[in-house]
Amino acid sequence: MSYLTLFLLSLLISFVGSLQLGPVNSEVLRFSIRGKHRAALLTGLGGSIPEFPYAWLATYLADGIGQYEHLRLLFTLIFVGILIIMGIRMLVKNPVDFPIETYQVKRKAFMGGFILAAANPQLIFFWSGILVWLDIHEYTTITRLSASLGASVGALLLQLVVVQIGSKIYRRNKLKNLNTIDNVMGSLMLLLAAWFLYRLLL
């Protein structure tokens, strides 16, 4: 696999994986739909940075796992289990209102996004599972850089998209709550888990 291919795959996976409405996305939406586009962009930028070090650390974990076939299988199954649990949780959770007017932010936008993303170390295990699945045989510095940079850029691109479409969706009152998004993302996670199992059994 070329470095460019790895970068693009990491970017795509990061973009899709960030679609679930987590703390960073929620913060970006709240800023953008209130017309605070600069704050929304800074929040998204800050939230995308931790993806880089977490993905970089994941390359070391994936490299160690890849040397032992039984650990590789076990780790893949654990990763699939995590996807299934997250998917089911998003499908069965109660609708959550999305406060706009009453929401107040007491921290700087950039640091707020950075802290919210940095408080999610499960990204290490997420990217470890992805890298094990991609079956990378040699982890050079450029390999680690390609995967990590792709992860960070993909997360940033998603936040930019959120900034652009957030106000159009919510200002027109098309969604009363976030339940629709949760259902879509829960279904996608279950499909991804099924795909991992299918590839594992081949």
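**Walking through a nine-helix model**

Colleague: Let's start with Thr-43, which lies in helix H3. Is Thr-43 buried or exposed?

Modeller: Bear in mind that this is a predicted model. The relative accessibility of Thr-43 is 1%. Buried means under 20%, so Thr-43 counts as buried.

Colleague: Which residues is Thr-43 in contact with, leaving aside neighbours within four places in sequence?

Modeller: One group sits in helix H2, which spans residues 23-32. The others include Ala-109 and Gly-113, both buried residues of helix H6. The full set is Val-24, Glu-27, Val-28, Phe-31, Ala-109, Phe-110 and Gly-113.

Colleague: How far apart in space are Thr-43 and Phe-31, C-alpha to C-alpha?

Modeller: In sequence they are 12 residues apart, and Phe-31 is on the list of contacts of Thr-43. The C-alpha to C-alpha distance is 8.7 Å.

Colleague: How many of the residues of helix H2 are buried?

Modeller: The buried ones run Val-24, Asn-25, Ser-26, Glu-27, Val-28, Leu-29, Arg-30, Phe-31 and Ser-32. Helix H2 is therefore largely enclosed by the rest of the structure. The count is nine of the 10 residues.

Colleague: Over to helix H6, residues 109-118. How wide an arc do its buried residues cover around the axis?

Modeller: The residues in question are Ala-109, Gly-112, Gly-113 and Ala-117. They are on the same side of H6, because the arc they cover is only 120 degrees. As background, an α-helix has 3.6 residues a turn, so residues three or four places apart point the same way. The arc, then, is 120 degrees.

Colleague: Now the end of H3. Ser-48 is in that helix, while Ile-49 is in the loop between H3 and H4. What relative accessibility does Ile-49 have?

Modeller: Take Ser-48 as a reference: at 2% relative accessibility it counts as buried. Ile-49 counts as partly exposed, and that class lies between the 20% and 50% cut-offs. Its value is 32%.

Colleague: Which residue is in contact with Ile-49 and also with Ser-48, neighbours within four places aside?

Modeller: Ile-49 is in contact with Phe-110, Phe-114 and Ser-152. Ser-48 is in contact with Ala-155, Leu-156 and Ser-152. The residue on both lists is Ser-152.

Colleague: And how far is the C-alpha atom of Ile-49 from that of Gly-113?

Modeller: Along the chain these two are 64 residues apart. Gly-113 is one of the buried residues of H6. The C-alpha separation comes to 9.0 Å.

Colleague: Let's go to the core. Which helix supplies the largest share of the largest nonpolar core?

Modeller: That core has 24 residues, and Trp-127, Ile-130 and Leu-131 have the most contacts inside it. At least two residues each come from H1, H4, H5, H7, H8 and H9. The largest share is eight residues, and it comes from H7.

Colleague: Which residues does Trp-127 touch, not counting those up to four places away?

Modeller: Ser-10, Ile-13 and Ser-14 fall within the span of H1, 3-17, and Glu-51, Ala-55 and Ala-58 within that of H4, 51-66. Put together, Trp-127 touches Ser-10, Ile-13, Ser-14, Glu-51, Ala-55, Ala-58 and Ala-151.

Colleague: How many residues are in the other core, the one with Ala-39, Ala-40, Leu-158 and Val-162?

Modeller: This core lies apart from the one around Trp-127. Those four are among its members, and the total is 11 residues.

Colleague: Last stop, the surface. Which helix gives the most to the nonpolar patch?

Modeller: The patch is about 540 Å² and is made by Leu-73, Leu-77, Ile-84, Ile-88, Leu-91, Val-92 and Leu-197. One of these, Ile-84, is partly exposed at 31% relative accessibility. Six of the residues come from the helix at 69-92, which is H5.

Colleague: Leu-91 is in that patch. How far is Leu-91 from Ser-187, C-alpha to C-alpha?

Modeller: Ser-187 is in helix H9 and is partly exposed at 34%. The two are 96 residues apart in sequence, yet in space the distance is 7.4 Å.

Methods: Residues numbered from 1 in each chain as written. Predicted model: local features only at pLDDT ≥ 70, side-chain atom pairs only at ≥ 80, totals over all residues. Heavy atoms only, no water. Patch = residues over 30% accessible without salt bridge, like charges linked within 9 Å, V, L, I, M, F, W, Y side chains within 5 Å. Areas by Shrake-Rupley, 256 points an atom, 1.4 Å probe, with all protein chains shown as cover. Salt bridge = Lys/Arg side-chain N within 4 Å of Asp/Glu carboxyl O. Helix = DSSP H or I, 4+ residues; strand = E, 2+ residues; numbered from the N terminus. Buried < 20%, exposed > 50% of the residue type's maximum accessible area, 1.4 Å probe, protein only. Arc of directions from axis to C-beta. Core = buried A, V, L, I, M, F, W, Y, C linked by side-chain atoms within 4.5 Å. Contact = heavy atoms within 4.5 Å.
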